[in-house]
Amino acid sequence: MSRVSANGNTKASGEAVGAPSSGAHRLYSAQDMARISSSACAGCGACCRGMGDTIVLDPYDVWQLTQGLGKPFGALLGSDLNLHVEDGVILPHLVMREETQSCTFLGADGRCTVHAYRPGICRLFPLGRQFDDKKTSYFIVPNGCVKGGLSKVRIDRWLGIEDLPRYEAYKAEWRSLLRTLQARIAAEPSEEVQRNVNLYFLRTFYMNPYEGTGANSFYEELATRMRAFTAAAL
Ligand code: SF4
Ligand code: SF4
C-alpha cells in the first residue's frame with residue numbers, strides 16, 4: 001500500500017501489489033533503463049524532509065543501518081528511529097527533526113550522512129516498487145525529485161543493492177509475512193495477545209542483532225527467524 005507523508009511528499013512511494021490498473025504507470029524490470037538519475041541533484045534535501053513516519057524500515061534496512069553506524073537498534077530508537085502502528089503491526093520508521101521536519105540523517109549540506117547504508121525506500125527514490133506474484137517491477141513516482149531534468153540509468157545500478165534478485169525475493173517474502181501478521185492481529189480479539197505478538201515480532205526481526213556481516217548470512221539468519229516466528233505466532 002502506498003503511504004504518502006503529511007505534506008504530500010512521495011519519497012515514501014510505498015509498494016503496490018498485483019497487476020497495475022491499465023495505464024496507471026509504466027512498469028520496469030531491474031534491468032531496464034529509466035529516467036530517474038538526479039545527476040543534477042543539488043542537495044536541496046527536499047526528498048528528505050516532511051516525510052512523517054512514512055520511511056518505514058524492514059529488517060534489511062535496520063541490519064544495514066546498525067552495521068554502518070556501529071550502533072544497535074535500541075541505541076537509535078527514540079532519536080533516529082521511532083515506532084508506529086500500521087494495520088495493527090508495530091514497525092520502525094526514520095524520525096524527522098521537530099524544528100525542520102528533516103530526516104535526522106540529513107547533513108547540514110543537504111546530503112545524506114548514511115548514503116552507503118540508507119534504507120531501501122531512500123534507495124528507490126524516485127521509484128516505487130510493485131509485487132505481482134513472484135515478480136518485482138518498478139515504476140516512476142509522480143512528482144518525485146523536485147529538480148527535474150533526470151537522466152536515464154539502469155534500475156539495478158541505481159539501486160546499488162548487492163545480489164538484487166535475492167533482495168527482491170526477500171522483499172516479497174517479508175511483505176508476505178507482514179500481510180499474514182496483519183491478518184493474524186486483525187483476527188485476534190485479545191489486546192494483550194496482540195501486544196505480545198507485536199513485541200515478539202519487534203524483538204525477533206529488529207531488536208535482536210544479526211550476527212553475520214555479509215548479505216548471505218543476513219538472509220540465512222532472517223530465514224531462520226521467519227520460520228521460527230511463523231511457527232510460533234502465525
Ligand atoms: S529532491 Fe532531487 S535535487 Fe533535491 S535532494 Fe532530492 S534528489 Fe536531490
Ligand atoms: S536516510 Fe538519507 S536519503 Fe533517507 S531520508 Fe534520511 S537523509 Fe534522506
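In this predicted model, a helix is a DSSP run of H or I with at least four residues and a strand is a run of E with at least two, numbered from the N terminus.

Q: What makes up the secondary structure of the protein, and in which pattern along the sequence?
A: By those run lengths, the protein has seven helices and seven strands. Along the sequence they follow β-β-α-α-β-β-α-β-β-β-α-α-α-α.

Q: Why are Val197, Phe201, Phe205 and Tyr206 of α6 called buried?
A: A residue is buried if 20 or more other C-beta atoms lie within 10 Å of its own. In helix α6 (residues 191-207), Val197, Phe201, Phe205 and Tyr206 are buried, so each of them meets that cut-off.

Q: How do you know on which side of α6 they lie?
A: The buried residues cover an arc of only 115° around the axis, which puts them on the same side of α6. Glu192 and Leu199, on the other side of α6, are exposed. The cover over the buried residues includes α1 (59-69), α2 (73-76), β4 (89-94), α5 (164-186) and α7 (215-233).

Q: What makes up the shell around ligand 2, by class?
A: The shell has ten nonpolar, no polar and one charged residues. Cys and Pro count as nonpolar and Arg as charged, so Cys48, Cys103, Cys112, Cys122 and Pro119 are among the nonpolar residues there, and Arg118 is the charged one.

Q: Which classes are found around ligand 1?
A: Seven nonpolar, three polar and one charged residues surround ligand 1. Gly counts as polar, so Gly43 and Gly45 are among the polar residues, while Lys147 is the charged one.

Terms used: Residues numbered from 1 in each chain as written. Chains lettered and ligands numbered in written order. Predicted model: local features only at pLDDT ≥ 70, side-chain atom pairs only at ≥ 80, totals over all residues. Near = placed C-beta within 6 Å. Buried ≥ 20, exposed ≤ 12 C-beta atoms within 10 Å, placed from the backbone. Arc of directions from axis to C-beta. Contact = placed C-beta atoms within 7 Å.
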